[in-house]
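Biologist: Could you walk me through this model, feature by feature? I would like to learn how to read the backbone.

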Amino acid sequence: MILAVVLVAVLMFNSGSSYQLTAYFQNAGQLVKGNQVKVGGRTVGKITEVTLTNDARAKVTMNLDSDFAPVHQGTTATIRASSLSGIANRYVSLQPGPNNAPKIPDDGQLSLAQTTSVVDVDQIFNTLDPKTRLGLQNIIRGSADQYRGKGREANQSLKYFAPAISTTAQLTGELARDQNELRAFVRDTSGVVTTIAQRRDDLASLVRNAGQFTGAIGDENQALARALDLLAPTLRQGSTTFRGLRSTLDALDPLVAASKPATKQLPEFFRALRPLVRESTPTIHDLSTLVRSSGANNDLVELTQKLPKLSDEASTAFPHSISALKQSQPVLEYIRPYTPDFTGWLQKFAEVAANYDANGHYARIQPVFGSFGYLNGSATPTITALSPSQRLNAFSFGHQRRCPGVATQNSDGSAPFLDMGQLASSCDPGNQLPAP
């Protein structure tokens, strides 16, 4: 009975015991007894022992809660750091294997192929040469100068740091998913970096010029700020314009469709236009010289510039010219019908002085007034030749009222010229030579 009671007690107390798992690491990474074991960020056990094997490997013994035991084959273990602010703040992160894989029995083991040791920051720094470490120190000091006095803004920017990191992790995961493409990318990137290294002098010049360019932009920061302020309304206006352009293009579709038949004749038209363009080239060159030439007061541009001054002068001269033209209008109206007679006199005047002697040309002239006239007292006025005495007294016959063209015989009815009846009251149409 005592043995039965002891057996029942052992079974009852052992039913809630933990599950033990041993993992071998290249480096314990400052793990200590009591550090936590986590799965997906949740604590599932603790480190019970950390020892050194004969081949200088770290043997880590873990006790896992029965709720998470046993684990399956394919499980991996990684030593991680909770933060960089402590020393012994490490823990073991388990990535359980698939549930359909065989179970690892109690006190099972994870080999070196299934574990990953932690990489400390000082190990990374130890891989750098002194020149690189000095450059890194300068970067850190420069970052301190950059954020000095801007802690609040930096804290606000950190709010968006976690989403950026998670997005970067997703991007990295997608890149690492296709190993072949990743290898090709790394290989091509190596070639690019090698080529850039060969042109490092040109790259240095590019960086120096970029610095000068950035400095010039910084000097014009106010103008750049105003330009950026105007950019938003400009883009909005452009968006409105492009929306209207869409309907305009739709309206142009009928025009384009109607223009297509005419465009078939354009090649022939352009071939015929080519000689015209070739011949018009000198004319266009002369026209260009007429419009604009070197020198003063010799082209159309300067003439146009002087037009305002000419307009000012003309505003005074034109009223007087208009008045003079109005006053000369009756004189011109009277003289105009006698223009043929006056022109004939000028034309025949040279023949009068055609004779010449030792003294030169001479002319015999005799004033004759009225070589013909009407007989007085006749019931039907008849034109007859006048005697010399009558000619000397020609004005008594009213010959001063002769109409234009009476010096020619009226054989076709064209003489005298009465200017559509306007001269009927100022001249005597009957005072003319008789027809033959």
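**Reading the model**

Modeller: Happily! The protein exposes about 33500 Å², and carbon and sulfur atoms supply 60% of that area; accessible areas come from the Shrake-Rupley method with a 1.4 Å probe, and for residues only the protein chains shown count as cover. This is a predicted model, where local features need pLDDT of at least 70, side-chain atom pairs count only at pLDDT 80 or more, and totals for chains, interfaces and linings use all residues. Residues are numbered from 1 along each chain as its sequence is written, and side-chain values use heavy atoms, with hydrogens and water left out.

Biologist: How many helices and strands does the protein have?

Modeller: Twelve helices and twelve strands. Helices (H or I, at least four residues) and strands (E, at least two) are DSSP runs, numbered from the N terminus.

Biologist: And how should I read the backbone angles?

Modeller: Most residues other than glycine have a negative phi, and most peptide bonds are trans. Here, Gln30 has a positive phi of about 65 degrees; Gln30 lies in the loop between strand 1 (19-25) and strand 2 (36-39). Asp107 also has a positive phi, near 65 degrees, and sits in the loop between strand 6 (90-95) and strand 7 (108-110).

Biologist: What is the relative accessible area of Gln30?

Modeller: Gln30 is at 39%, partly exposed, and Asp107 is partly exposed at 45%. Buried means under 20% relative accessible area, exposed over 50%, partly exposed in between (1.4 Å probe, protein chains only).

Biologist: Which residues does a cis peptide bond join?

Modeller: Ala69 and Pro70, with omega about -5 degrees. Pro70 belongs to the loop between strand 4 (58-64) and strand 5 (76-81).
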